[in-house]
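Here is a friendly tour of a single structure. Take a moment with the view below, and then we can walk through a helix, some backbone details and a pocket.

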Amino acid sequence: MSEEKIEVKETDMEDSQKEMVLGIVREAQRLYNIDKDVAAFVKEELDKKFGATWHVICGKCFGSRVSYEMGHFILLKCNKVNVMIYKCGY
């Protein structure tokens, strides 16, 4: 299977962190077919790598409004699935 392009819709992450997150999302979608499993994998990896508390929402369509720590938000589309990732632990 060829690697599909990831489209970053919005982010305020540093480039180095963003690239790590994109790699984790690619790996999650390679390993899992169900959105909740993708979200769980990404959250666990981010919590291990960057500390708690990360939140991950995956799906073809959703609305949201969230509070997050500055520099820790990304909204992207990968393999036709929207993925919103943010850190909020205060």
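## Two sides of a helix

On helix H2, the exposed residues Lys36 and Lys48 sit on the face turned away from the buried side. Please keep in mind that this is a predicted model.

Which residues of H2 are buried? They are Val38, Ala39, Phe41, Val42 and Leu46. Looking down the axis of H2, you would find these buried residues within an arc of 165°, so they line one face of the helix. What do the buried residues of H2 pack against? Their partners are helix H1 (15-31), together with E2 and E4.

The helix itself has 16 residues, and the distance from its first C-alpha to its last is 22 Å. That is close to the 22 Å expected at 1.5 Å a residue.

## Backbone details worth a look

Just after H2 comes Gly51, with a positive phi near 85°. Further along, Ala52 and Thr53 are joined by a cis peptide bond, with omega at about 5°. Thr53 belongs to the loop between helix H2 (35-50) and strand E2 (54-59).

Now turn to the loop between E3 and E4, where you will find Asn79 and also Lys80. Asn79 is not a glycine, yet its phi is positive, at about 55°. Lys80, likewise a residue other than glycine, has a positive phi near 70°. Are these residues buried or exposed? Asn79 is partly exposed, its relative accessible area being 22%, while Lys80 is exposed, with 61%. For Asn79, the value lies just in the partly exposed class because buried means under 20%.

The table sets the two loop residues side by side.

| Residue | Phi | Relative accessible area |
|---|---|---|
| Asn79 | about 55° | 22% |
| Lys80 | near 70° | 61% |

## The second largest pocket

Finally, let's visit a pocket. The second largest one holds about 160 Å³ of space. Two elements give two or more residues to its lining: strand E3 (73-78) and strand E4 (81-87). Which residues line this pocket? The lining consists of Glu10, Phe62, Ser64, Val66, Tyr68, Phe73, Leu75, Asn82 and Met84. Sorted by class, six of the lining residues are nonpolar, two are polar and one is charged.

E4 thus appears twice on this tour: the buried residues of H2 pack against E4, and E4 also contributes two or more residues to the lining of the second largest pocket.

Conventions. Residues numbered from 1 in each chain as written. Predicted model: local features only at pLDDT ≥ 70, side-chain atom pairs only at ≥ 80, totals over all residues. Heavy atoms only, no water. 1 Å grid on protein atoms, 1.4 Å probe; cavity = no way out; pocket = protein on both sides within 12 Å on 5 of 7 lines; lining within 4 Å. Points joined across faces, edges and corners; volume = space filled by probe spheres on them. Helix = DSSP H or I, 4+ residues; strand = E, 2+ residues; numbered from the N terminus. Nonpolar A, V, L, I, M, F, W, Y, C, P; charged D, E, K, R; others polar. Buried < 20%, exposed > 50% of the residue type's maximum accessible area, 1.4 Å probe, protein only. Expected span 1.5 Å × (residues − 1). Arc of directions from axis to C-beta. Contact = heavy atoms within 4.5 Å.
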